[in-house]
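Ready for some practice in reading a structure? Keep the picture open beside you and try each task before you look at its solution.

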Amino acid sequence: MNSAPHIIQIALGAASSWQVKTVSERAADALSSNIWESIAYMAVALAAVGLLITFLGLSLIYVERKLAAHFQCRLGPMRVGPHGIFQTLADTIKLLVKEDIIPQEADKPMHLLAPFLCLAVPVLILGVVPYSPMTQIADVNIGVLFVTAVGGFGVMGILLGGWSSNNKWSMLGAMRAGAQIISYEVSATLALLVVVLFAGTMSLAGIVESQQQGWWIWRAHGVGIVAFIVYVIASTAEINRTPFDIPEGESELTAGFHTEYSGLRFSFFFLAEFINMFVVAALTSTLFLGGWMPFHIGEWEAFNGVMDLVPPGVWFVGKSSFIIFVIMWFRWTFPRLRVDQLMHLEWKVLLPIGLINLLAAALLVLRHLYFFPAA
Amino acid sequence: MIASASYTVIFYLLAALAVLLSLAVVNAWKLLRAAIALMGVLSMSAGLYVMLDASFLAGVQVLVYVGGIVVLIVFAVMLTRSAELLQDNPAPLRKILGAIASLAFLAATVGVFRSSPFLLSAEKAPLRDNTTLIGEKLLDYGAGGYVLPFEIISLLLLIAIIGGIVVARKTEPQGQPFTTGGDEAGEAEFRPPFTQEEHEDELELVEK
């Protein structure tokens with residue numbers, strides 16, 4: 001561990017390169033010498049993801065309820081623990097001990113499989129998110145493609161849950177969710193490609209390192225901010241959050257695709273939604289806001305040195321929390337879209353903007369017309 | 001030693017799962033279960049690509065087949081309510097023909113595999129970051145480049161997209177009753193041939 005001199009180097013403002021070492025690299029290094037060390041790394045990674053999911057589930061639900069309450073001049077949960085911080089824990093225990101009901105006419109194996117498919121997607125993506133230079137489980141060199149590809153399983157989980165419940169509300173919700181997610185995936189991917197073009201790599205750690213001189217949202221001469229806005233809108237639709245929550249619109253479809261789920265399996269869908277929100281926030285900050293990279297401006301050594309004093313993990317958490325706050329803010333600001341408005345927004349507004357933006361980005365990259373181009 | 005052993009174990013795990021899931025695809029009674037098993041088979045082959053260091057191909061496999069084609073199949077099944085149509089029993093002649101066809105395919109595959117020499121390179125995993133190489137090859141117009149096939153495929157996809165739009169385009173309702181002009185602008189001016197008030201008037205007339 002030679003991190004101490006490294007930190008001093010950063011504090012002096014002389015950090016020229018960050019050493020990224022993922023947990024899977026450590027495990028692979030240890031595999032040839034000591035297999036138990038390798039197994040220990042894998043166990044730590046698994047336990048860390050498990051703890052992260054638990055923490056995210058408990059905290060994000062509490063934050064959502066508190067924010068909702070304060071936006072509406074209410075107090076929110078106040079009874080269980082100081083300021084109600086144990087409310088989610090109590091609700092979780094209630095959900096765990098509730099009876100797990102499967103409808104008699106349901107397709108049972110499919111009904112049981114659907115929540116797992118839904119939860120597997122954000123968990124798989126959590127494994128490739130760079131939290132800090134030392135905290136990343138695996139860095140696949142197709143990072144962005146991996147994230148987009150794995151998302152396909154989530155659609156399957158929702159379609160399957162809706163179909164296997166043998167309930168028309170569930171079925172309608174699933175169809176709406178499927179159409180919505182597939183449509184908005186196009187715009188989200190176009191926005192991601194802009195960053196891939198500028199960074200010249202698909203690896204998430206590589207994209208973070210490419211933002212040493214500045215974040216892509218402002219370094220890319222307007223193209224970055226357009227891609228950022230398109231990505232935030234499209235990914236909010238992909239995770240079925242308000243104002244794009246027609247798949248589970250309470251006033252129309254009871255609860256949409258998860259109407260027939262109860263107890264633990266319902267909580268899986270619920271948890272998947274919240275972890276998806278974190279995943280979107282983490283990816284947005286990684287791709288557009290520099291991930292764990294501190295706020296740097298080109299060659300301003302003194303300014304960059306001061307910014308380097310804040311640890312990378314804190315930068316990452318701060319940026320992700322801000323995006324999560326914005327997504328929760330949407331919920332109490334915009335009314336729900338109708339189905340036709342939803343399709344209009346995607347195919348006639350976001351898609352043309354995304355395509356033109358990608359073309360403009362390609363021209364900018366070709367001419368090196370962005371701030372601080374690498375030599 | 002341990003690395004290669006775990007490599008072998010993972011390979012046989014993926015292979016066995018792929019075979020089992022393929023059997024499930026053809027033996028499932030419900031069309032949707034077959035689609036889910038197909039999703040499993042495709043994911044397993046993506047896993048095999050990862051083991052061959054072809055991670056870009058694996059990503060595209062999952063993106064196109066799981067996220068695209070299987071979702072499309074599931075959509076078709078859901079929209080057509082054909083989920084339980086598989087329960088008919090095929091005629092004996094069709095069974096025999098199917099068996100002959102599959103045996104012939106098996107024989108052809110085994111024959112090809114036995115007769116072709118596999119040129120395994122002695123170097124281990126020559127292509128690490130193959131995404132970059134694929135990108136360069138696709139846009140290379142020199143010798144060994146693939147820019148012409150790439151452009152032809154782009155044209156083909158463009159034709160397919162335009163075809164899709166033409167097929168799905170909304171046609172004018174020609175005097176059909178009980179249809180609105182769709183969700184386009186001008187829907188408000190469209191007057192259905194039968195309004196609620198006219199309906200009530202008619203009911204009153206019938207009562208009289």
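## Exercise 1: Two rings in chain A

Phe116(A) has a relative accessible area of 45%, so Phe116(A) is partly exposed. This is a predicted model, and the values below are computed from it.

**Task.** Is Phe268(A) buried or exposed, and how do the rings of Phe116(A) and Phe268(A) pair?

**Solution.**
- Step 1. Buried means under 20% relative accessible area.
- Step 2. The relative accessibility of Phe268(A) is 18%, so Phe268(A) counts as buried.
- Step 3. Now turn to the rings. An angle over 60 degrees between the planes counts as edge-to-face.
- Step 4. For Phe116(A) and Phe268(A) the planes make an angle of 80°, with 5.2 Å from centre to centre, and the aromatic pair is edge-to-face.
- Step 5. Find the two on the chain: Phe116(A) sits in helix H5 (residues 108-126) of chain A and Phe268(A) in helix H12 (residues 263-287) of chain A, so the pair links distant parts of the chain, 152 residues apart.

## Exercise 2: A second pair

**Task.** Why is the pair of Trp215(A) and Phe295(A) classed as it is, and which aromatic cluster holds Trp215(A)?

**Solution.**
- Step 1. The ring centres of Trp215(A) and Phe295(A) lie 5.0 Å apart and the planes meet at 75°, so this pair is edge-to-face.
- Step 2. Trp215(A) is in the loop between helix H8 (204-209) and helix H9 (216-219) of chain A, while Phe295(A) is in the loop between H12 and helix H13 (301-308) of chain A. They are 80 residues apart.
- Step 3. Trp215(A) is buried at a relative accessible area of 12%, whereas Phe295(A), at 23%, counts as partly exposed.
- Step 4. One aromatic cluster is formed by Trp215(A), Trp218(A), Phe295(A), Phe303(A) and Trp315(A).

## Exercise 3: Where the chains meet

**Task.** How many residues of chain B are in contact with chain A, and which helix of chain B gives the most to that side?

**Solution.**
- Step 1. Count the contacts: 28 residues of chain B touch 28 residues of chain A.
- Step 2. Look at the area. About 2,400 Å² is buried between chain B and chain A, and carbon and sulfur atoms give 81% of that. In chain B, Arg33(B), Phe75(B) and Met78(B) lose the most area to chain A, together 23% of what that side buries.
- Step 3. Check the polar links: there are 0 salt bridges between the chains, and 1 residue pair in polar contact is found across the interface.
- Step 4. H3(B) gives the most to the side of chain B that touches chain A, with 14 residues.
- Step 5. That side divides into 17 nonpolar, 5 polar and 6 charged residues.

Terms used
Residues are numbered from 1 along each chain as its sequence is written. Chains are lettered from A and ligands numbered from 1 in the order in which they are written. This is a predicted model: local features need pLDDT of at least 70, side-chain atom pairs count only at pLDDT 80 or more; totals for chains, interfaces and linings use all residues. Side-chain values use heavy atoms; hydrogens and water are left out. Contact means heavy atoms within 4.5 Å. Buried area is the accessible area (1.4 Å probe) that two parts lose on being put together, summed over both. A salt bridge is a side-chain nitrogen of Lys or Arg within 4 Å of a carboxyl oxygen of Asp or Glu. A polar contact is a pair of N or O atoms within 3.5 Å; within protein, one must be able to donate a hydrogen and the other to accept it, and residues adjacent in sequence count only if both atoms are side-chain atoms. Helices (H or I, at least four residues) and strands (E, at least two) are DSSP runs, numbered from the N terminus. Ala, Val, Leu, Ile, Met, Phe, Trp, Tyr, Cys and Pro count as nonpolar, Asp, Glu, Lys and Arg as charged, and the others, Gly among them, as polar. Rings of Phe, Tyr and Trp (its six-membered ring) pair if their centres lie within 6.5 Å; planes under 30 degrees apart count as stacked, over 60 as edge-to-face and the rest as tilted. Buried means under 20% relative accessible area, exposed over 50%, partly exposed in between (1.4 Å probe, protein chains only).
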